[in-house]
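Colleague: Could you take me through one part of this model in detail, and then show me how the rest of the fold looks around it? I would love a close look at a single turn to begin with.

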Amino acid sequence: MSPTVDAVQLFDLTPEQYEIREVARRVAVENFQKRNLEWEESGEFPWANIRLLAETGLLGATIPEEYGGGGGSWLEGALILEQLGRSCYVTAMAALGEIGVQTQAIAAYGTDEQKRRYLPKVAAGELICSVSITEADAGSDIGAMRTTARDDGDEVVINGGKIFCSRADVAGLFVVYVRFSDEPGTHPIGAVLIERDTPGFTIGGAERTLGGEALYSLYFDDVRIPKGNVLVREDGFRRMLTAFNGQRCLNASISIGIAQGAQDAAVAYAKERHQGGKRLADHQGIQWMLADNEVEIQAARQLVWRAAAKASGGFPTRSEAAVAKVFSNEMALRVTDRVLQIFGGHGWLREFPAGRYLRWARYGPLGGGTPQIQRNGIARELLR
Ligand SMILES: Cc1cc2nc3c(=O)[nH]c(=O)nc-3n(C[C@H](O)[C@H](O)[C@H](O)COP(=O)(O)OP(=O)(O)OC[C@H]3O[C@@H](n4cnc5c(N)ncnc54)[C@H](O)[C@@H]3O)c2cc1C
């Protein structure tokens, strides 16, 4: 069987997965949607929303059951984040830390002690977890990172700095990618777990973003952590990259949720507003824009579900996650742009939702590995 045919796998959600999706939809619509602009403008971390997600079991849905979670897979995570992105970008981004790569890397690669210590608190909404990779001179090229980890007896000493860390204002735990040696031509990159109050670790001021969430710089000045807080050592670069394949599916799911939320708003608006003696919805030009949106949203969803559902060995494959992310991120830009057009001049007004969705959609192609970097990976795989 050719690889292309083999890759096509038909599947549907289980009744339990439909149920999780429905619970997430209801919680998000009833509690987060109405205040989504307020959350964005205040720049505050949505603690109330995170607590509610923890109470309903959605926050810990992908954490193993023995550590207080629901034991779900990347697919459950994708279903939940799509519904959060559909209603409230700020909440989706806040929950991404708990549902996403940080906690999944701890669950997959952590010691029993690390899992016992951190995961139950994450599932309960008591511990916010950040991941920090990006540096001033190492963005897409993460192999260029300079933050170092040096062994010193029973401890590891961290020096360096990071930028663009989400949720650093509220996080209690940071999964920090570090370089264990400077040997040329190698990627001795692993990850360490640094708790907020560790001496020598400081967090810079907030940088506000187009999406409302703030980003922070982190500074490590002879930060000493016990060896027990090393998550992955220098031989683990590939494993840490693999963990990111899951994050790509979740980032893509938020894009799909944003596109779906925009499409919902456009359908309602097109049925309501009249121009030329009929509803906008009765103009064929508008119908075709809505239909194009529907085609693209459904296609993206299938790509993400497939990549997430086929995750073997704990994480989706590089290629399937990359294909899903590129298509979903770029699809959301096209869909939200069409939606703003359907709203016409009203789409440009702040109190109308169209502009908000367009702004939110812009994040997807920036985080979790850009589409350019994903395309490099897809092409590398094809041409191997
Ligand atoms: C809202 C938000 C939240 C974020 N949260 C976090 C976080 O919590 N933790 C964290 O570590 N980081 C975070 N980031 C950082 C994010 O991961 C980086 O912005 C991203 O990896 C890109 O790096 P860069 O910004 O340095 O861009 P650069 O790497 O400088 O890239 C600039 C442009 O060049 C393109 N480019 C670069 N290299 C190549 C190449 N080889 N081939 C083709 N094109 C290329 C890129 O695609 C991009 O379009 C966040 C970013 C945003 C916007």
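Modeller: Happy to! In the hairpin of β2 and β3, 2 residues sit between the strands, and glycine 153 takes a positive phi near 60 degrees. Bear in mind that this is a predicted model. The two strands on either side of that turn, β2 (residues 148-152) and β3 (residues 155-166), pair in the antiparallel sense over 5 bridges. Within this pairing, aspartate 151 stands opposite valine 156 in β3.

Strand β3 has another partner to look at. It is joined by 9 bridges to β8 (residues 214-226), and the two run antiparallel. Here glycine 160 of the pairing faces phenylalanine 220, which belongs to β8. As background for viewing these strands, side chains in a regular strand alternate between the two faces of the sheet.

Now for the helices. Helix α5 covers residues 74-87, 14 residues in total, and reaches 20 Å from its first C-alpha to its last, close to the 20 Å expected at 1.5 Å a residue. At its N-terminal end, serine 73 acts as a cap, with a side-chain oxygen 3.1 Å from the backbone nitrogen of leucine 75. Because 13 of its 14 residues are buried, α5 is largely enclosed by the rest of the structure.

Part of the surroundings of α5 is helix α6 (residues 89-99): the axes of the two helices come within 7 Å and cross at roughly 160 degrees. That angle is over 145 degrees, so α5 and α6 count as roughly antiparallel to each other. On the α5 side, the residues that meet α6 are Gly77, Ile80, Leu81, Leu84, Gly85 and Ser87. Their counterparts in α6 are Tyr89, Thr91, Ala92, Ala95, Leu96 and Ile99. It helps to recall that an α-helix has 3.6 residues a turn, so residues three or four places apart point the same way.

Both of these helices also meet α12 (residues 353-361), whose buried residues are Ala354, Gly355, Arg356, Tyr357, Trp360 and Ala361. Those buried residues pack against α5 and α6, and also against α3 (36-42), α9 (237-272) and α11.

That brings us to α11 (residues 318-343), where serine 328 lies. With a relative accessibility of 0%, serine 328 counts as buried because the cut-off is under 20%. Leaving aside neighbours within four places in sequence, serine 328 is in contact with Ala252, Ser255, Ile256, Ala300 and Val304.

How values were computed
Residues are numbered from 1 along each chain as its sequence is written. This is a predicted model: local features need pLDDT of at least 70, side-chain atom pairs count only at pLDDT 80 or more; totals for chains, interfaces and linings use all residues. Side-chain values use heavy atoms; hydrogens and water are left out. Helices (H or I, at least four residues) and strands (E, at least two) are DSSP runs, numbered from the N terminus. The expected span of a helix is 1.5 Å times one less than its number of residues. Buried means under 20% relative accessible area, exposed over 50%, partly exposed in between (1.4 Å probe, protein chains only). A polar contact is a pair of N or O atoms within 3.5 Å; within protein, one must be able to donate a hydrogen and the other to accept it, and residues adjacent in sequence count only if both atoms are side-chain atoms. Two strands pair if DSSP finds at least two bridges between them. Contact means heavy atoms within 4.5 Å. Axes are lines fitted to C-alpha atoms, for helices over the stretch in contact, and angles run from 0 to 180 degrees between N-to-C directions. Angles under 35 degrees count as roughly parallel, over 145 as roughly antiparallel, 65 to 115 as roughly perpendicular and the rest as oblique.
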